[in-house]
Amino acid sequence: MTVDALTRTDAVSEEAATEAPVDSTPQAETAEAPAEAKTETPETPETPTDENAVESPKPKRGRPKVATTAKKTRTVELTLTVTGTADGEWQAELKNGSKWVTKGLEIPAAAVSRAAKELHADLSGPIDEVINAARELQAAKVAQLEAELEKAKLALAELDA
């Protein structure tokens, strides 16, 4: 116990002596305090008491805020999904975070090819392969339809004659 605490206890005991005691136990406690004062060492320099520690502000939880000069950049999450079929039909879907902006938007294959070339060569290679395969499939389909058209014209010409 420090000298300050003892003198404070003495002051409390003096106040208690002037007031009418309600309980006998506080008197016993105040009577012990002067006895302890005699056994203590002589006065020491004043040290902070518990009251001073309570008055100082408590540190805040978490990391301390540090002032920075760097600008905070706001990131936006956009997800563009481009899907194509073997027939050469392409669709795009755009999602902003968890909200759909557009779904099932039809786009031409040439636009997909141009966009892939603009973005990166690693993207344009596989996409161009898919587009070329679809182009060959459509060319074969056109050749088949032209053959059917020629047969239909011959059949019509025989009926007219």
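**Entry 1: Ser113**

I looked up Ser113 and its partners. Setting aside neighbours within four places in sequence, I find Ser113 in contact with Asp128 and Ile131. The model is predicted, so I keep to what the coordinates of a prediction can give. Ser113 sits in helix α4. Is Ser113 buried or exposed? Its relative accessibility is 12%, so I enter Ser113 as buried; the cut-off for that label is under 20%.

**Entry 2: the helix pair**

Next I checked how α4 meets α5. Helix α4 covers residues 109-119 and helix α5 covers residues 121-160. Their axes lie 8 Å apart, at an angle of about 160 degrees. That makes the two helices, α4 and α5, roughly antiparallel, since the label applies to angles over 145 degrees. I note the crossing of α4 and α5 as left-handed.

Which residues make the contact? On the α4 side I list Ala109, Val112, Ser113, Ala116, Lys117 and Leu119. On the α5 side I list Leu123, Ser124, Ile127, Asp128 and Ile131. Ser113 from my opening entry is in this set, and so are Asp128 and Ile131.

**Entry 3: Gly84**

Ile131 led me to Gly84. The C-alpha atoms of Gly84 and Ile131 are separated by 8.6 Å, with the two positions 47 residues apart along the chain as the offset. Gly84 belongs to strand β1. I compute 39% relative accessibility for Gly84, so Gly84 goes down as partly exposed. Beyond neighbours within four places in sequence, Gly84 is in contact with Glu89 and Trp90.

**Entry 4: the sheet**

From Gly84 I moved to the sheet. How many strands does the open sheet have, and in what order? I count three, ordered β1-β2-β3, and the pairing is antiparallel. β1 (78-84) and β3 (99-107) are the edge strands. Each has a single partner strand, so one side of each is left without a neighbour in the sheet. From one strand to the next, the twist averages 15 degrees.

As background, strands of a sheet pair through backbone hydrogen bonds, in a parallel or antiparallel way.

**Entry 5: β1 with β2**

I then took the pairs in turn. β1 and β2 run antiparallel over seven bridges. At one position Leu78 stands opposite Asn96 of β2. At another, Thr83 has Gln91 in β2 as its bridge partner. The two strands form a hairpin with five residues between them. In that turn, Gly88 has a positive phi of about 95 degrees.

**Entry 6: β2 with β3**

Strand β2 spans residues 90-96 and pairs with β3 in the antiparallel sense. I read six bridges for this pair. I checked three positions by name. Gln91 stands opposite Glu106 in β3. Lys95 faces Trp100 of β3. Asn96 stands opposite Lys99 in β3.

What links β2 and β3? They form a hairpin with two residues between them. Gly97 in the turn shows a positive phi of about 70 degrees.

Two residues of β2 turn up on both sides of my notes. Gln91 is matched with Thr83 and with Glu106. Asn96 is matched with Leu78 and with Lys99.

**Entry 7: the whole chain**

Last, I pulled totals. The protein chain has five helices and three strands. Read from the N terminus, the elements go α-α-α-β-β-β-α-α. The chain has 161 residues, and buried residues make up 9% of them. Ser113 is a buried residue.

The accessible surface of the chain is about 14100 Å². Carbon and sulfur atoms hold 56% of that surface. Among contacts with a separation of 6 or more, 34% join residues 24 or more positions apart.

How values were computed
Residues numbered from 1 in each chain as written. Predicted model: local features only at pLDDT ≥ 70, side-chain atom pairs only at ≥ 80, totals over all residues. Heavy atoms only, no water. Pairing = 2+ DSSP bridges. Helix = DSSP H or I, 4+ residues; strand = E, 2+ residues; numbered from the N terminus. Axes fitted to C-alpha atoms, helices over the stretch in contact; angles between N-to-C directions. Buried < 20%, exposed > 50% of the residue type's maximum accessible area, 1.4 Å probe, protein only. Contact = heavy atoms within 4.5 Å. Areas by Shrake-Rupley, 256 points an atom, 1.4 Å probe, with all protein chains shown as cover. Parallel < 35°, antiparallel > 145°, perpendicular 65-115°, else oblique. Left-handed = near helix turned anticlockwise from the far one by under 90°.
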